[in-house]
Amino acid sequence: GSEMCIRDRNKWPSLQFKYQQKQKRTQILHLILLDTSASTLVEQLSAKAKACVLHISKQAYLQRENIQILGFGNSAVQQILAKVRAPKELRDILDNVEVAGGTPMRVVLEQAQKILNSKTGHLASQVRCYLITDGRSKAQVADIVLNVPTVLIDTENSAIKRGRGMQIAQQLNAQYFSLA
């Protein structure tokens with residue numbers, strides 16, 4: 001009888017446990033640098049700049065991507081939205097952004113550079129950077145290297161264009177896009 005038992009056991013398919021590695025999902029981060037200086041807007045964030053952020057955010061939300069927003073104005077950089085999965089609605093946050101003071105363009109770009117250089121984490125991360133500004137800054141930024149696809153979105157809407165946005169885009173090796 002014991003022989004029979006062994007023979008039957010051999011009929012069983014040998015079970016193999018395979019540990020499948022979780023696929024590395026590429027996490028895309030949309031890093032938005034939003035000009036909140038007084039020159040960009042009167043009263044509150046200009047409708048154009050706001051619409052632009054909402055559009056980027058909506059796309060990121062639909063793709064389940066991450067978003068982070070740094071505002072720069074009043075000679076300081078503030079984190080408007082920490083790095084999170086893009087929320088469904090951002091309008092309230094943008095409506096409450098304080099607008100004031102000068103344009104610390106160089107400071108926000110240096111901060112962006114830090115964020116981009118510290119891309120640690122086990123998920124392969126791809127970053128897209130958006131600089132939304134009217135370009136009214138005397139900052140020289142030619143030495144700042146962001147190393148990620150960057151778009152400068154120019155919100156300048158004065159009658160006499162200074163064309164500073166285009167120069168800044170060239171210095172940053174960024175695509176230039178005008179909302180005018």
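This is a short talk about the fold, the cores and a few individual residues of one protein chain.

Hi everyone, thanks for coming. Please keep in mind throughout that we are looking at a predicted model.

Let me begin with the overall layout. The chain contains 5 helices and 6 strands, and along the sequence they come in the order α-β-α-β-β-α-α-β-β-α-β. Of its 180 residues, 40% count as buried. If you like contact maps, here is a number for you: among contacts with a separation of 6 or more, 68% are between residues 24 or more positions apart.

Now to the inside. Which residues have the most contacts within the largest nonpolar core? They are Leu33, Met105, Leu109, Leu131, Val141, Leu146 and Leu172, in a core of 23 residues. Two or more residues each are given to this core by β1 (27-35), β2 (66-73), α4 (105-117), β4 (125-133) and α5 (164-172). The largest share, 5 residues, is the contribution of α4.

Leu33 is a good place to center your view. Setting aside neighbours within four places in sequence, Leu33 is in contact with Leu70 and Phe72, with Val108, Leu109 and Ala112, and with Cys129, Tyr130, Leu131 and Ile132. Apart from this core there is another one, of 21 residues, which includes Ile32, Leu54, Ile67 and Val97.

Let's stay with α4 for a moment. This helix has 13 residues, and from its first C-alpha to its last it reaches 18 Å, close to the 18 Å expected at 1.5 Å a residue. The buried residues in α4 are Met105, Val108, Leu109, Ala112 and Leu116. Why do these residues sit on the same side of α4? Because they cover an arc of only 100° around the axis. The general background is familiar: an α-helix has 3.6 residues a turn, so residues three or four places apart point the same way. On the face of α4 turned away from the buried side, you will find Lys114 and Asn117, both exposed. The cover over the buried residues of α4 includes β1, β2, β3 (76-85), β4 and α5.

The helix α5 can be read in a similar way. Here the buried residues are Arg164, Gly165, Ile168, Ala169 and Leu172. They span an arc of only 140° around the axis, and therefore lie on the same side of α5. Those buried residues pack against α4, β4, β5 and β6. Together with β5 and β6, α5 makes a right-handed β-α-β unit. The two strands of that unit, β5 (residues 150-154) and β6 (residues 175-178), pair in the parallel sense over 4 bridges. If you want one pair to click on, Asp154 has Ser178 in β6 as its bridge partner.

Next, the backbone. What is the sign of phi at Asn173, the residue that follows α5? It is positive, near 60°. As general background, most residues other than glycine have a negative phi. Asn173 lies in the loop between α5 and β6. Asn173 is also exposed, with a relative accessible area of 70%.

A second asparagine behaves in a comparable way as far as sign goes: Asn74 is not a glycine, yet its phi is positive, about 55°. Asn74 is in the turn of the hairpin formed by β2 and β3, which have 2 residues between them. These two strands pair in the antiparallel sense over 7 bridges, and Gly71 stands opposite Gln78 in β3.

One last residue, and then I'm done. Is Asn66, in strand β2, buried or exposed? With a relative accessible area of 10%, Asn66 is under the 20% cut-off, so it counts as buried. Not counting residues up to four places away in sequence, Asn66 touches Gln27, Ile28, Leu29 and His30, as well as Lys83, Val84, Arg85 and Ala86. There is also a long jump in sequence here: Asn66 and Val127 are 61 residues apart along the chain, while their C-alpha atoms are 9.3 Å apart in space.

That's my tour. If you open the model afterwards, try starting at Leu33, one of the residues with the most contacts inside the largest nonpolar core, and then follow α4, which gives that core its largest share. Thanks, and I'm happy to take questions.

Definitions and conventions. Residues numbered from 1 in each chain as written. Predicted model: local features only at pLDDT ≥ 70, side-chain atom pairs only at ≥ 80, totals over all residues. Heavy atoms only, no water. Core = buried A, V, L, I, M, F, W, Y, C linked by side-chain atoms within 4.5 Å. Buried < 20%, exposed > 50% of the residue type's maximum accessible area, 1.4 Å probe, protein only. Contact = heavy atoms within 4.5 Å. Pairing = 2+ DSSP bridges. Right-handed = clockwise from strand over helix to strand, strands pointing away. Expected span 1.5 Å × (residues − 1). Arc of directions from axis to C-beta.
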